[in-house]
Amino acid sequence: TNPPSAAFDTRRTLPELSTDELRAWLYAPRGKRSRPWAPNTQAAVHMVMSLLWRLAIEAELENAERHGLPPRITRSPWATIEPADARAKRHAFLEPEEWAAVLERQLRTPRAAFLALGCLTGFRVDEVLNLRTGIDLELEAAAPVLHVQPRGGEFEWTPKNDNSIRTVPIPAGLLGVLRHHAEKFAGARYFIRVARRDRPMSYSNAVYWTHESFTAAGLKYGREGEGLTYHSLRHTFASWLVRRGWSSDLVAELMGNTPKEVQRTYSHLRPTALGRVMRTIDVLTGGAVELSGGDGPAGE
């Protein structure tokens, strides 16, 4: 890959390259559009370069031991470089009043259930598009649930990974929306669909529905700046639960993620978590203790 500037000399050895140089290279604008790599590309490049550096360090250590010399490379500059800088935009989420504005404008349309499934269950867009009527949704059960599970047949589909195969309870605020959709808009096979086409809705149509719905509510659609996408609804679901103090394990189970993924992505939303923990001590001990008669221990 061409370096972003002449200052980045590819003839230099690994120990000569600094973290700042590599970070600038990872995020630098490229090509005719003068934009950085897409977030997924940045993450892939970061992973590959970290691996190459680790292999180089291991080889250098082995060679140094063999010849009784100090190793020239002992640490990877990629250890402190995070592609999260560019990916952070995709972690934007809606506040409850913003979600209310989105839903209000789409009630009694097929878009309401489509959007609510992302925001109120944390489903990925492909999980929503592949929900099967009556198979993946148990709307009339004593405890209504949604299933994310693989499907064979004409439109074969497999969830992202094993963690993604899960059963999620339907919250009361979503149940009415789904029942209305089932009655008015769902197909015999697919729950979310375009009218008169009983097959999984296309991703491009999902983008169109999301774009139009966000715009109608006064929200910006897109992956840059303050823009939001359908994936932002999934982040909304997780962010609301994390801010209310629910554990990473439970949030991960509902979302089909791992607890580590949830902690890495949403830990910044727990700024007062330690304070809440310590207030438990106040509850157990009866609160503050009033002291008087001096500023320090007796004898001082």
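**Exercise 1. Find how many cavities of 30 Å³ or more a search of the whole structure gives, and describe the second largest.**

Solution. A search of the whole structure finds two cavities of 30 Å³ or more, a cavity being a set of points on a 1 Å grid over the protein atoms alone where a 1.4 Å probe fits but cannot get out. This is a predicted model, in which local features need pLDDT of at least 70 and side-chain atom pairs count only at pLDDT 80 or more, while totals for chains, interfaces and linings use all residues. Residues are numbered from 1 along each chain as its sequence is written, and side-chain values use heavy atoms, with hydrogens and water left out.

The second largest cavity holds about 30 Å³ of space, where a volume is the space filled by probe spheres set on the points. Its lining, meaning residues with an atom within 4 Å of a point, consists of E127, N130, L131, D136, H147, V148, Q149 and W157. By class, this lining has three nonpolar, three polar and two charged residues; Ala, Val, Leu, Ile, Met, Phe, Trp, Tyr, Cys and Pro count as nonpolar, Asp, Glu, Lys and Arg as charged, and the others as polar.

**Exercise 2. Determine how helix α4 and helix α5 are set against each other, and which residues make their contact.**

Solution. Begin with the axes, which are lines fitted to C-alpha atoms, with angles that run from 0 to 180 degrees between N-to-C directions. Those of α4 (residues 96-106) and α5 (residues 110-121) come within 8 Å and cross at roughly 160 degrees. The two helices are therefore roughly antiparallel, a term for angles over 145 degrees.

Next, take the contact, defined by heavy atoms within 4.5 Å: W99, V102, L103 and Q106 of α4 meet R111, A112, L115, A116, C119 and L120 of α5. Eight of these residues are nonpolar, one is polar and one is charged.

**Exercise 3. Work out how α10 lies against helix α9 and against helix α11.**

Solution. The axes of α9 (residues 230-243) and α10 (residues 248-255) come within 10 Å and cross at roughly 155 degrees, which makes α9 roughly antiparallel to α10. R234, F237, A238, L241 and V242 of α9 make the contact with V251, L254 and M255 of α10.

For the second pair, the axes of α10 and α11 (residues 259-266) come within 8 Å and cross at roughly 110 degrees. These helices are therefore roughly perpendicular, the word for angles of 65 to 115 degrees. S248, D249, V251, A252 and M255 of α10 touch P259, V262, Q263 and Y266 of α11.

Definitions and conventions: Helix = DSSP H or I, 4+ residues; strand = E, 2+ residues; numbered from the N terminus. Parallel < 35°, antiparallel > 145°, perpendicular 65-115°, else oblique. 1 Å grid on protein atoms, 1.4 Å probe; cavity = no way out; pocket = protein on both sides within 12 Å on 5 of 7 lines; lining within 4 Å.
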